[in-house]
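Me: I should like to learn how to read a structural model, one feature after another. May we begin with the pairing of strands?

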Amino acid sequence: MTAEWRLAFRNLLRNKRRNVATGTAIALGFAALLAIGGYINRVEKYLRVYTIFGARTGHIIVYKKDGFENFYVKPKEYSLTPSDQQAIREVLQELPGIELHGGILQGQGLVGNGCRTFPFLAMGIDPLLDKQLRDHPMVSRWTQKFKDLQKGRGISEYGAEMGAVSIAEGLAHILHKNKVFDDFPAGHKPQLIADCTASDLFELTNGDANIQLAAGTWDGMMSALDGEIVSTFNTGVTETNSSAIVTSLQHLQKLYETENVSTYSIWLNDSASLKNTVAKLTAGLKKKNLNMDIYTWLVEDMSPYYSGTMSFLRTMVGFVTFILATVVVLSIFNAATMTVIERAQEIGMMRSLGYTKHQIRQMFIREITALSVLSLLAGAVVAAAGIEFINRLEISFSPPGVAGSIQLLLSPNIATVSVATVLIPLLAIGTTVVAIRSMVNKPITILLMGSNR
Amino acid sequence: MTNTDSASSKPIVELQNLIKTYTLGLTKVQALRGVSLSINRGEFTAVVGASGSGKSTLLNMIGCIDEPDSGTIRIDDIDVTTLTDNEKSRLRNKKMGFIFQSFNLIPVLNLYENVELPLLINPAISPEERKTRIDSAIEDVGLKQFVHHLPDQLSGGQRQRVAIARALAANPDLVLADEPTANLDSATSHKIIDLMIELNSKRHVTFLFSTHDEKLMDRVSRIVHIQDGVITK
């Protein structure tokens, strides 16, 4: 250790009580920032994985040109035809880093239990793709709720001819469909409900897993299909948990009497390659003279829930971080001011010995840096212990808009630590300001300031 | 008794018509009123005067830690009034040593480390040479057995000896001591002055110190009397 740093560390021992108080403020501030950052990281990861995998949005979404704005008005005109889908597949075969891809059909209509009907928002997806998304490692890690069905098995477990449907648990509840296909013996037939005012209606609707899906076809006709509830799930989002339906792409296409899909979604091995892949995909589609719109999941329209929630949380956390950082920096500013005032005579002596203003500023900055680094290390230890403790408690909480609850896992990442370490330059700047102010006077004035105290 | 015999002909300090006025509230105090003075190399000089006579101001001007309103100060033939703040710092570090009334030792540093302070900022001094100089200075002030002691483990006289060692460690041409015995008892004061005289002789360093202690007058080779900011004799 150099003599300069030795002096810095020794000087920290001069006013132990104050330095311990200041160090504690820094350590706890840092630990709090790490914990808050860990919370944000946890929620962000949850929402990110939910959006990309849970909502089957994908990293990249391909629409027919202007399809996003017009699909629900003119689905036939603004959907992707089988030849469009084939062309996209051909382009994707040439691109590296594509993990999964497939067409998605979205639609709305009414779902009934034999007596009452409710609106639904349906998604048709290839059952195998659905299973791959549900079993994805990112899902296992961050949104276990999506991976684990509430009841039953996924639609990929059943034959295409059966019309397997997985419905949101909120919708199952209002439909009085609390049992799934596997809860009934093989060959069990749907029960016809003759009297929808019967006192035992609840038992009657629960007497089978059959539902009826009704919707207008893209040609303007009415269409209806039977479906079997094979599972229930939690969408993770309050607003969709009482209306969402997932079924096979084939089944939903049959309902709307089409072979088209609304969008074509693409999942990447590494989200870092998103920009590059979009560029290559755009070029590939252009080469085939296909007029399509390409969006990434980060576009607000593609992930309004993620964007809105994170924007809200970041604003909140930014505010809290600002307050925390201000408190910590003011503590240091106060401590540095007190130190400089107390040691005015010493500063004057050092100036007399030939120390320049710059060298004395550096001396104080070294001291504060030493205090800050020691405190930040202590804060990191406190944060690590606290986070481990909180994580082991398995506390559940509900982030804004999330249906049900998720475990409170604080997961700080490198970015969190980086943000938290912004305290170091702030502290150095605070100390420098104090040191500069103290150095404005001539050495004799500083000496006299010290001796006159 | 002192080293005046070895003094070279070129003065180490030359002051010409120094004027310094302080403003205290609404009152202007003329601390120096046209002081001119020359100190030769190797001299052991006392600046004597009553409290408020301007002797500390005079030493501060020579030490480049304060600035005159007018007049010139030449240290080792350098006009310090034209130097920048950093240049003055370097001049102080290389050519001057300071001894203060209240010792001004850093309490968390031991004796050795306190003496080391002025050498740390001189890149021309190697670590080996630094150690040699520190050891030599500490030995010269007779505190070799206390090198690891902190200031609060030393007596007042010992602390002032540490301050003297610190002033000498950089091998300065000039040592300025502002009332170095004011905080010491009579016996210790005499010992400190004896030590300074001894070092003046041994190291050929010019000593200039201020005092109002009449009992020390007969021990110095040159006395400069100052009264109301004017050198009287």
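Reply: This model is predicted. Take a single pair of residues as the starting point: B:Ile75 has B:Ile78, in strand 5 of chain B, as its bridge partner. Strand 4 and strand 5 of chain B are joined by two bridges and run antiparallel.

Me: Which order do the strands of this open sheet follow in chain B?

Reply: The order is 2-1-4-5, four strands with antiparallel pairing. Strand 2 (27–40) and strand 5 (78–79) of chain B each have a single partner strand and stand at the edges, so one side of each has no neighbour in the sheet.

Me: What can be read from the directions in which the residues of a strand point, for example in strand 6 of chain B?

Reply: In general, side chains in a regular strand alternate between the two faces of the sheet. In strand 6 (residues 96–99) of chain B, B:Met96 and B:Phe98 point one way, while B:Gly97 and B:Ile99 point the other way. All of these residues are buried.

Me: Do strand 6 and strand 7 of chain B run parallel or antiparallel?

Reply: They run parallel, and four bridges join strand 6 to strand 7 (residues 174–178) of chain B. One of the pairings links B:Met96 to its bridge partner B:Leu174 in strand 7 of chain B.

Me: How many residues of helix 1 of chain B are buried?

Reply: A residue counts as buried if 20 or more other C-beta atoms lie within 10 Å of its own. In helix 1 (residues 55–62) of chain B, eight of the eight residues are buried, and the helix is mostly covered. Among them are B:Lys55, B:Leu58 and B:Ile62. Just after this helix, B:Cys64 takes a positive phi of about 60°.

Me: What does the whole of chain B contain?

Reply: Chain B has six helices and 10 strands. Of its 233 residues, 47% are buried. Among contacts in chain B with a separation of 6 or more, 74% are between residues 24 or more positions apart.

Me: How should two packed helices be described, such as helix 2 and helix 12 of chain A?

Reply: One reads the angle and the distance between their axes. Helix 2 (residues 16–54) and helix 12 (residues 304–342) of chain A pack at an angle of about 170°, and their axes are 10 Å apart. Angles over 145 degrees count as roughly antiparallel, and helix 2 and helix 12 of chain A are therefore roughly antiparallel to each other. Their contact has 20 nonpolar, six polar and three charged residues.

Me: How many residues does each chain bring to the contact between chain A and chain B?

Reply: Chain A brings 22 residues and chain B brings 24. On the side of chain A that touches chain B, helix 1 (3–12), helix 13 (344–353), helix 14 (357–393) and helix 17 (443–451) each supply at least two residues. Helix 13 of chain A gives the most, with six residues. By class, this side of chain A has eight nonpolar, seven polar and seven charged residues.

Me: Where in chain B is the pLDDT below 50?

Reply: As a general principle, predicted coordinates should not be read in detail where pLDDT is low. The mean pLDDT of chain B is 88, and 96% of its residues reach 70 or more. Over residues 1–8 of chain B, however, the pLDDT is below 50, and this stretch has 23 contacts in the model beyond near neighbours in sequence. For the model, the scores are ipTM 0.90 and pTM 0.68.

Definitions and conventions. Residues are numbered from 1 along each chain as its sequence is written. Chains are lettered from A and ligands numbered from 1 in the order in which they are written. This is a predicted model: local features need pLDDT of at least 70, side-chain atom pairs count only at pLDDT 80 or more; totals for chains, interfaces and linings use all residues. A residue is buried if 20 or more other C-beta atoms lie within 10 Å of its own, exposed if 12 or fewer, and partly exposed in between; C-beta atoms are placed from the backbone. Two strands pair if DSSP finds at least two bridges between them. Two residues are in contact if their C-beta atoms, placed from the backbone, lie within 7 Å. Ala, Val, Leu, Ile, Met, Phe, Trp, Tyr, Cys and Pro count as nonpolar, Asp, Glu, Lys and Arg as charged, and the others, Gly among them, as polar. pLDDT is the predictor's confidence in each residue, from 0 to 100. Axes are lines fitted to C-alpha atoms, for helices over the stretch in contact, and angles run from 0 to 180 degrees between N-to-C directions. Angles under 35 degrees count as roughly parallel, over 145 as roughly antiparallel, 65 to 115 as roughly perpendicular and the rest as oblique.
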